[in-house]
Amino acid sequence: GETPMMGSYCPDRVAEVLHEAGAPLTLAHAISLGHLDEARRQLREDPACVTSTPVPHELYVRLFTAVERRTDEIAVRETGGRGIPLIHEDESPEDTVARWKQYAEYEQAAFEEVRDLFELLRSHGVDPNVGSVLFYATQM
């Protein structure tokens, strides 16, 4: 049967509380909440995990967000807790380029950690060419 998490819009914070109370995570919430091993398990073991997701094409958006979050975690770890600010005043153009190159390396490392999830989503028929509701809302 359907759980509250399977509704068309269940905020991640609500899903987190429900999960802490024992509710199983949906694929979408497993990705959003950083339970990537659970997402992998569902994609490998449950053929219906994508079709039971209210908005399957938004799974990529959730995965992009997971990559961004992991990139920031790597940056904080590698810089001794400082992270890499996106805007830094009084910086030379050369330092800006160097900082962005470093950030790109962290981003690539984060992507490599979840590359298999992109492939698993694609193999389950999630179309990477279909935009998300969020994408269209921000274009207006």
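Asp12 is partly exposed, with a relative accessible area of 31%. That makes a good place to enter this predicted model. The side chain of Asp12 meets that of Arg62 in a salt bridge, at 3.3 Å from N to O. Arg62 belongs to helix α4 and Asp12 to helix α1, which covers residues 12-20, so the bridge ties together parts 50 residues apart in sequence. Arg62 also counts as partly exposed, because its relative accessibility is 22% and the buried class lies under 20%.

Now step back to the whole chain. The protein has six helices and zero strands. Read from the N terminus, its elements run α-α-α-α-α-α. There are 140 residues, and 31% of them are buried. The accessible surface comes to about 8,900 Å². Carbon and sulfur atoms account for 56% of that surface. Contacts also reach along the sequence. Take those between residues at least 6 apart: 58% of them join residues at least 24 apart.

Next, go inside. The largest nonpolar core holds 27 residues. Leu27, Leu43, Leu59, Leu63, Leu117 and Leu121 touch the most other members. Four helices each supply at least two residues of this core: α2 (27-32), α3 (36-45), α4 (59-78) and α5 (93-123). The largest share comes from α5, with eight residues.

Leu121 gives a close view of this packing. Neighbours within four places in sequence are set aside here. Leu121 is then in contact with Leu27, Leu43, Leu59, Tyr60, Leu63 and Val126.

Follow α5 itself. This helix has 31 residues. From first C-alpha to last, α5 reaches 42 Å, close to the 45 Å expected at 1.5 Å a residue. Along the way, α5 bends by about 50° at Val114. Val114 is also one of the buried residues of the helix. The others are Arg99, Tyr103, Tyr106, Ala110, Leu117, Phe118, Leu120 and Leu121. What covers these buried residues includes α2, α3 and α4. After α5 comes Gly125, whose phi is positive, near 90°.

Then turn to α4, the helix that carries Arg62. This helix has 20 residues. Its span from first C-alpha to last is 28 Å, close to the 28 Å expected at 1.5 Å a residue. Buried in α4 are Leu59, Tyr60, Leu63, Ala66, Val67, Thr71, Ile74 and Ala75. These buried residues pack against α2 and α5. Three of the names have already come up as contacts of Leu121: Leu59, Tyr60 and Leu63. Just after α4, Gly80 takes a positive phi of about 65°.

Charged pairs complete the tour. Side chains of opposite charge can pair when their charged atoms come close. A search of the whole structure finds 13 salt bridges. The pair of Arg62 and Asp12 is one such bridge.

Arg40 makes another good stop. Its relative accessibility is 12%, so Arg40 counts as buried. Its side chain meets that of Asp37 in a salt bridge, at 3.2 Å from N to O. Arg40 and Asp37 are three residues apart in helix α3, so about one helical turn separates them. Asp37 is exposed, with a relative accessible area of 62%. This bridge therefore joins a buried residue to an exposed one.

Arg40 also meets Asp116 in a salt bridge, at 2.6 Å from N to O. This pair links distant parts of the chain. Asp116 lies in helix α5 and Arg40 in helix α3, 76 residues apart. Asp116 counts as partly exposed, because its relative accessibility is 26%. The linking goes further still. Asp37, Arg40, Arg44 and Asp116 are joined in a network of salt bridges.

Put the pieces together. α3 and α5 both supply at least two residues of the largest nonpolar core. Between these helices there is also the salt bridge of Arg40 and Asp116. α4 has buried residues that pack against α2 and α5. Arg62 of α4 is paired with Asp12 of α1, so α4 is tied to that helix as well.

Key. Residues are numbered from 1 along each chain as its sequence is written. This is a predicted model: local features need pLDDT of at least 70, side-chain atom pairs count only at pLDDT 80 or more; totals for chains, interfaces and linings use all residues. Side-chain values use heavy atoms; hydrogens and water are left out. Buried means under 20% relative accessible area, exposed over 50%, partly exposed in between (1.4 Å probe, protein chains only). Contact means heavy atoms within 4.5 Å. Accessible areas come from the Shrake-Rupley method with a 1.4 Å probe; for residues, only the protein chains shown count as cover. A nonpolar core is a set of buried Ala, Val, Leu, Ile, Met, Phe, Trp, Tyr and Cys residues joined through side-chain atoms within 4.5 Å. The expected span of a helix is 1.5 Å times one less than its number of residues. The bend at a residue is the angle between axes fitted to the seven residues ending there and the seven starting there. A salt bridge is a side-chain nitrogen of Lys or Arg within 4 Å of a carboxyl oxygen of Asp or Glu.
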